[in-house]
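Here's a walk through one protein model and the ligand that comes with it. Have the sequence and the 3D view open while you read.

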Amino acid sequence: MITIQDNLFVLQTDHTTYSFLKLPSGHLEHLHYGPSIDTTGAAEVLTQKCRMLGGNGIAYSKEYPLLGLEDRCLEFSALGHGDVREPFLDITFENGSRTSDFLYADAWVSEGKMPMKALPSSYGGAQELHVLLKDSVYYAELELIYAVFPACDVITRRAVIRNQGEAAFTVNRLMSLQLDLDDSEYVFHTFTGAWAREMNHQRIPLAQGKWINESRCGISSSMNNPFVMLSRPETSEKAGDCFGFNLIYSGNHCEMAEVNAYGKTRVITGIHPEGFGWRLGPEEELESPEAVMSFSAGGFTGLSRNMHTFVREHIVRGEWKKKERPVLLNSWEAVYFDFDEEKLLAMAKTAKETGIELFVMDDGWFGTRNDSRSSLGDWYCNYEKLPGGISGLARKIEALGLRFGLWVEPEMISVNSRLYREHPDWAVDVPGTLHSEGRDQRILDLTRPEVRTWLVDTMSAVFSEEGVSYIKWDNNRIFTDIFSRARENQTEFLHRYYVGYYEVMDQLTRRFPHILFEGCASGGNRFDLGVLCYMPQIWASDNTDALCRAFIQTGLSYGYPASVVGAHVSACPNHQTGRMTPLATRFGVAAFGVLGYECDLAALTPEELAEVKKQIAFYKEHRRVLQFGDYYRLVNRRYNDFEKGVWQWMTVSPDRKEAIGFYMMEQAVPNMSFGKFQTAGLEEQAMYRFRDVGEKEEEWLVSGSLLNHAGIKLQQAYAGHYRREGMRPFADLDSRLYIMSMILNP
Ligand code: GLA
């Protein structure tokens with residue numbers, strides 16, 4: 001519900017209130033974002049009281065001598081009139097000035113939610129608030145747009161700048177979200193990393209100064225995911241205030257948390273201003289990507305629940321939105337580039353026997369691609385490897401009873417390709433200068449309409465091959481040597497690239513609604529809400545090591561639901577770390593995402609194959625709760641004198657009738673033999689059967705309240721030299737899966 005009354009703006013979701021005030025000067029003062037409140041009297045009580053400005057304070061104007069923008073919580077800020085924090089908007093006008101003065105002009109509420117013009121956006125919001133601000137000197141107009149999603153306590157934010165004057169101006173930055181909070185007792189949470197070690201959870205206590213989570217590599221990046229949080233220092237998994245922010249965008253982004261000289265905190269998120277500059281001519285407009293924010297007083301769990309629901313209900317779309325995702329076998333770690341039809345069919349045959357549903361042919365099927373040095377752009381089948389072509393192979397795979405899918409990396413071009421020989425100017429590079437290399441490939445200039453048309457046509461031909469029901473869309477190079485021969489203004493390039501990329505994705509996903517798309521960018525280098533608007537799942541990391549995945553998937557779980565996280569069981573020693581991990585643990589970790597296998601199944605022993613078969617049967621039986629259930633982080637790597645790396649998590653069906661739990665321990669500790677599994681989210685009044693999968697160590701009939709608040713004391717673990725009947729063998733990296741099922745008629 002959105003209301004505007006007596007200059008007070010109030011946005012209500014089911015459990016939160018967001019409120020701001022129009023001041024007599026026309027500025028917007030932020031008043032509250034947090035738990036739901038009755039806003040009677042808020043305009044007088046929550047506004048900042050000011051009887052004098054400090055020694056060198058700047059008053060906004062003569063008319064408003066007590067309004068200092070430097071120390072106010074504002075809905076929006078720009079440069080030049082005293083607010084010296086990071087601005088939301090920065091414009092250089094024709095006369096060279098960067099001072100602007102956008103003041104309130106109008107506001108209205110609209111029902112439902114409008115899609116954006118050139119960028120992907122969320123859908124299904126209840127209402128939108130539009131606030132119009134005008135700079136009367138330069139005839140510029142700024143519209144701030146807020147959309148409310150009551151049930152998941154999310155409010156989205158975005159802005160549109162319009163030039164209504166006669167002279168062009170340059171937008172140096174147009175952010176998506178500004179949130180000013182009136183104190184600084186916060187911890188800024190970011191998710192950082194690199195290739196194969198994505199989503200490390202960083203916690204940065206704020207103090208006067210600025211912390212920036214950013215990507216400057218032209219892609220949302222594995223270095224700094226655009227999802228960040230702000231919490232109170234005491235916030236825990238189960239309780240306390242927590243804000244979450246994300247951006248529906250895949251390019252350069254930045255999320256800044258700044259504490260000013262008066263202890264106020266400002267959060268700004270949006271396209272990274274570094275390198276950005278958009279020339280806005282008369283009558284033109286520029287829209288910022290949509291930012292997502294949510295508040296929960298229920299700790300990180302509460303915040304994650306909001307984000308998961310939002311992503312599942314209002315970001316992911318199309319046929320696969322709520323469909324259970326198939327269990328796949330991917331050829332990459334099994335054979336890399338070294339395959340032919342016979343090899344693939346042999347793999348598919350074993351895959352079918354284990355219960356796998358989808359066979360994915362990864363890199364290496366096109367052009368003359370036998371390594372990563374050639375052929376990107378030559379999207380025609382290599383008939384030496386696949387004599388029957390793609391559809392020939394697909395038909396044979398389908399005849400085995402599997403669905404078929406393949407890998408593409410459409411945004412790239414290899415210098416060693418027919419495409420490059422025909423269109424060298426389609427590659428992003430700076431003419432006449434040395435080009436920096438990345439996997440021997442360059443980026444296609446998607447700012448050019450003819451390149452986009454070629455791409456849509458070429459991919460349409462591939463996707464139309466008979467039997468193609470899944471596409472892994474990869475992107476393995478970050479941006480360097482940024483330049484488009486088709487543009488004058490190179491500072492617009494990166495944003496125009498993404499506008500082009502989204503246009504391509506929009507056309508292809510509309511044209512091929514049945515295809516299940518999985519995003520990928522050297523693993524999780526583009527794990528963001530922009531991609532998820534088109535592709536319902538993303539390959540989370542090239543790292544398939546189960547222990548590393550526990551970190552990566554836990555990091556992701558703060559902001560993203562399991563249904564969007566691609567997770568595979570792979571061979572041991574693991575190809576990224578060399579680590580040996582029990583097969584059960586590899587499965588247990590991957591099962592809390594969209595499960596796949598990525599190994600040579602023929603190399604497994606008959607016992608291992610039988611185990612894989614059981615795993616897949618288990619996963620299929622519980623797939624709905626594993627992919628779409630309510631996820632809880634129970635123990636986040638407890639590491640102390642007594643326990644060396646304990647992880648526990650679980651997922652509960654929305655009706656709470658079924659739950660699956662996971663318990664893993666990195667290192668066995670001698671003479672510390674007891675373990676406990678304490679749940680969350682079960683129906684307190686109901687009775688549950690609690691049992692482990694496989695070993696028949698545990699079988700208990702207990703109440704949800706006991707499980708939630710006391711937990712199960714598990715069987716004694718193998719603790720030294722002696723092993724007795726009924727003990728729970730638990731060595732390094734061992735794990736258990738637990739099933740909890742509600743007893744309907746006890
Ligand atoms: C990237 C992907 C991998 C695989 C290879 C193929 O690294 O992340 O999963 O598809 O490309 O070249």
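How many strands make up the closed barrel, and in what order do they run? There are eight, in the order 21-22-23-26-27-28-29-30, and the pairing is parallel. Neighbouring strands of this sheet are turned against each other by 30 degrees on average, ignoring direction. Keep in mind that this is a predicted model.

For a closer look at one seam of the barrel, take strand 26 (residues 468–473) and strand 27 (residues 516–519), which pair in the parallel sense over four bridges. One of the partnerships to pick out joins Tyr-470 to Leu-516 in strand 27.

Now for a couple of helices that lie across barrel strands. Helix 4 (residues 341–354) lies across strand 21 (328–330) and strand 22 (358–361), and its direction makes an angle of about 155 degrees with strand 22. Helix 5 (residues 389–399) lies across strand 22, strand 23 (403–408) and strand 26, running at about 145 degrees to strand 23.

On to the ligand. Which residues are closest to it? Asp-362, Asp-363, Arg-439, Lys-472 and Asp-542 are the closest of the 13 residues that surround the ligand. By character, that shell splits into six charged, four nonpolar and three polar residues. Lys-472 falls within the residue range of strand 26, 468–473, and is one of those closest residues.

Three aspartates put a polar side-chain atom close to a ligand oxygen, and here are the distances:

| Residue | Partner | Distance |
|---|---|---|
| Asp-362 | oxygen atom of the ligand | 2.6 Å |
| Asp-474 | oxygen atom of the ligand | 2.9 Å |
| Asp-542 | oxygen atom of the ligand | 2.5 Å |

Taken alone, the ligand exposes 310 Å², and the protein buries 97% of that.

Away from the barrel, there's another sheet to look at. It is open, has four strands in the order 1-2-3-4, and its pairing is antiparallel. Strand 1 (2–5) and strand 4 (28–35) are the edges, each pairing on one side only. Neighbouring strands here are turned by 15 degrees on average, again with direction ignored. Strand 3 (residues 16–22) and strand 4 pair in the antiparallel sense over seven bridges, and Tyr-18 stands opposite Tyr-33 in strand 4. As background, strands of a sheet pair through backbone hydrogen bonds, either parallel or antiparallel.

Finally, a bit of backbone geometry to check. Most residues other than glycine have a negative phi, and most peptide bonds are trans. Where does Asp-481 lie? Asp-481 is in the loop between strand 26 and helix 8 (493–511), and it has a positive phi of about 50 degrees although it is not a glycine. The peptide bond from Cys-572 to Pro-573 is cis, with omega near 0 degrees. Pro-573 lies in the loop between strand 29 (565–570) and helix 11 (583–590).

Terms used:
Residues are numbered from 1 along each chain as its sequence is written. This is a predicted model: local features need pLDDT of at least 70, side-chain atom pairs count only at pLDDT 80 or more; totals for chains, interfaces and linings use all residues. Side-chain values use heavy atoms; hydrogens and water are left out. Two strands pair if DSSP finds at least two bridges between them. Helices (H or I, at least four residues) and strands (E, at least two) are DSSP runs, numbered from the N terminus. Axes are lines fitted to C-alpha atoms, for helices over the stretch in contact, and angles run from 0 to 180 degrees between N-to-C directions. Contact means heavy atoms within 4.5 Å. A residue is near a molecule or strand if one of its heavy atoms lies within 4 Å of it. A polar contact is a pair of N or O atoms within 3.5 Å; within protein, one must be able to donate a hydrogen and the other to accept it, and residues adjacent in sequence count only if both atoms are side-chain atoms. Accessible areas come from the Shrake-Rupley method with a 1.4 Å probe; for residues, only the protein chains shown count as cover. Ala, Val, Leu, Ile, Met, Phe, Trp, Tyr, Cys and Pro count as nonpolar, Asp, Glu, Lys and Arg as charged, and the others, Gly among them, as polar.
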